[in-house]
Amino acid sequence: VRARGRMMATAVLRCWPLAALGGRVCRSRAASRDGARVFGVSSELLSIHGLQHIQQQQRNLSLHEYISIGLLKEAGISVPEGKSVSTPEEAYSAAKGIGSKDLVVKAQILAGGRGKGTFEGGLKGGVRIVYSPEEARDITSKMIGKKLFTKQTGERGRICNQVFVCERRYPRREYYFAITLERTFQGPVLIGSSEGGVNIEDVAAENPEAIIKEPIDIIEGIKKEQAVKLAQKMGFPANVIEDAA
């Protein structure tokens with residue numbers, strides 16, 4: 001499960017109508033400052049005469065993979081058993097607790113392309129398959145506290161402070177699915193593809209027809225028929241369409 005969570009919250013400031021001013025104004029400068037904090041912008045962009053145009057949007061939520069997997073598990077979705085750790089010894093204990101000799105150690109940084117990245121120190125790959133608790137401990141010691149350089153991080157890299165130790169799963173087929181916000185549709189959009197895997201960006205560039213988009217009404221939410229249609233277009237077998245939807 002690859003997770004790149006990005007969400008944007010909208011708030012409404014408390015205002016009251018003042019007929020003399022011909023409109024609605026915010027209660028006070030304090031309310032304007034509070035609103036600025038909620039919207040994630042500087043208070044200069046908010047006026048006591050109302051909301052001025054906000055030109056720069058700011059995303060305030062990015063989730064590490066292990067957090068996203070926890071949320072999926074809470075929602076009843078099958079996910080690999082695993083644990084986030086921050087030391088080699090914790091990785092050893094986590095691997096023993098899982099009870100499998102077929103494991104994956106995954107660097108937790110907020111960037112894509114981890115599997116093909118390189119750590120300072122020379123370790124190749126931020127996603128490594130291991131076959132024992134001892135190997136999990138050894139690989140973790142080469143990741144924790146080191147920068148991981150990927151296609152997305154560039155030369156600056158990202159420091160790895162945690163790894164996710166989990167059981168290895170053997171998928172029969174990979175799909176891509178995401179829910180994101182898109183200005184074109186002025187709201188959330190379901191995005192899916194039958195060509196899942198680690199290079200979805202390449203698929204989008206080379207074969208855009210393989211990327212399916214389904215706009216969602218932000219008031220009504222996702223409808224069952226929309227989910228079914230997306231699952232069908234993504235190529236799920238008929239006997240699992242309902243489960244996929």
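**Entry 1: Glutamate 65**

Is glutamate 65 buried or exposed? I looked this up first, keeping in mind that the model is predicted. Glutamate 65 has a relative accessible area of 4%, so it is buried. I found glutamate 65 in helix H2.

Next I checked what its side chain touches. One polar contact goes to the side chain of glutamine 108, at 3.1 Å. Another reaches the side chain of arginine 114, at 3.0 Å.

**Entry 2: Helix H2**

I then read along the helix, which covers residues 65-74. Glu65, Ser68 and Ile69 are buried there. Looking down the axis of H2, I see its buried residues fall within an arc of 100°, so they line one face of the helix. A reminder to myself: an α-helix has 3.6 residues a turn, so residues three or four places apart point the same way.

What do the buried residues of H2 pack against? I noted strand E6 (103-107) and strand E11 (163-167) as their partners. After H2 comes glycine 76, and I wrote down its positive phi, near 85°.

**Entry 3: Strand E14**

My next stop was strand E14, residues 212-215, where the side chains alternate. Ile212 and Glu214 point to one face and are buried. Lys213 and Pro215 point to the other face and are not buried. This fits a general pattern: in a regular strand the side chains alternate between the two faces of the sheet.

Which strand is joined to E14 by four bridges? I found that it is E13 (residues 187-193), and the two run antiparallel. Following one bridge across, I went from valine 189 to its partner in E14, proline 215.

**Entry 4: Salt bridges**

How many salt bridges does the structure hold? I have 10 in my notes. As background, side chains of opposite charge can pair when their charged atoms come close. I looked at some of them in turn.

Aspartate 102 and arginine 168 meet through their side chains in a salt bridge, 3.5 Å from N to O. Aspartate 102 lies in the loop between helix H3 (88-98) and E6, and arginine 168 in the loop between E11 and strand E12 (176-182), so the pair ties together parts 66 residues apart in sequence. With 17% relative accessibility, aspartate 102 counts as buried, while arginine 168, at 26%, counts as partly exposed.

Lysine 213 brought me back to E14. Its salt bridge is with glutamate 182, and the closest N and O atoms are 3.5 Å apart. Since lysine 213 sits in strand E14 and glutamate 182 in strand E12, this pair ties together parts that are 31 residues apart in sequence. I noted lysine 213 as partly exposed, with a relative accessible area of 41%. Glutamate 182 counts as buried, at 18% relative accessibility.

Glutamate 214 forms a salt bridge with lysine 229, and here the closest N and O atoms are 3.4 Å apart. Glutamate 214 belongs to strand E14 and lysine 229 to helix H6 (residues 224-233), so the pair ties together parts that are 15 residues apart in sequence. At 10% relative accessibility, glutamate 214 counts as buried. For lysine 229 I wrote partly exposed, with a relative accessible area of 35%.

Which residues are joined into one network by salt bridges that share partners? They are Glu65, Lys106 and Arg114. That returns me to my starting residue, glutamate 65 in helix H2.

Notes: Residues are numbered from 1 along each chain as its sequence is written. This is a predicted model: local features need pLDDT of at least 70, side-chain atom pairs count only at pLDDT 80 or more; totals for chains, interfaces and linings use all residues. Side-chain values use heavy atoms; hydrogens and water are left out. Buried means under 20% relative accessible area, exposed over 50%, partly exposed in between (1.4 Å probe, protein chains only). Two strands pair if DSSP finds at least two bridges between them. The arc is that of the directions from the helix axis to the C-beta atoms. Contact means heavy atoms within 4.5 Å. A salt bridge is a side-chain nitrogen of Lys or Arg within 4 Å of a carboxyl oxygen of Asp or Glu. A polar contact is a pair of N or O atoms within 3.5 Å; within protein, one must be able to donate a hydrogen and the other to accept it, and residues adjacent in sequence count only if both atoms are side-chain atoms.
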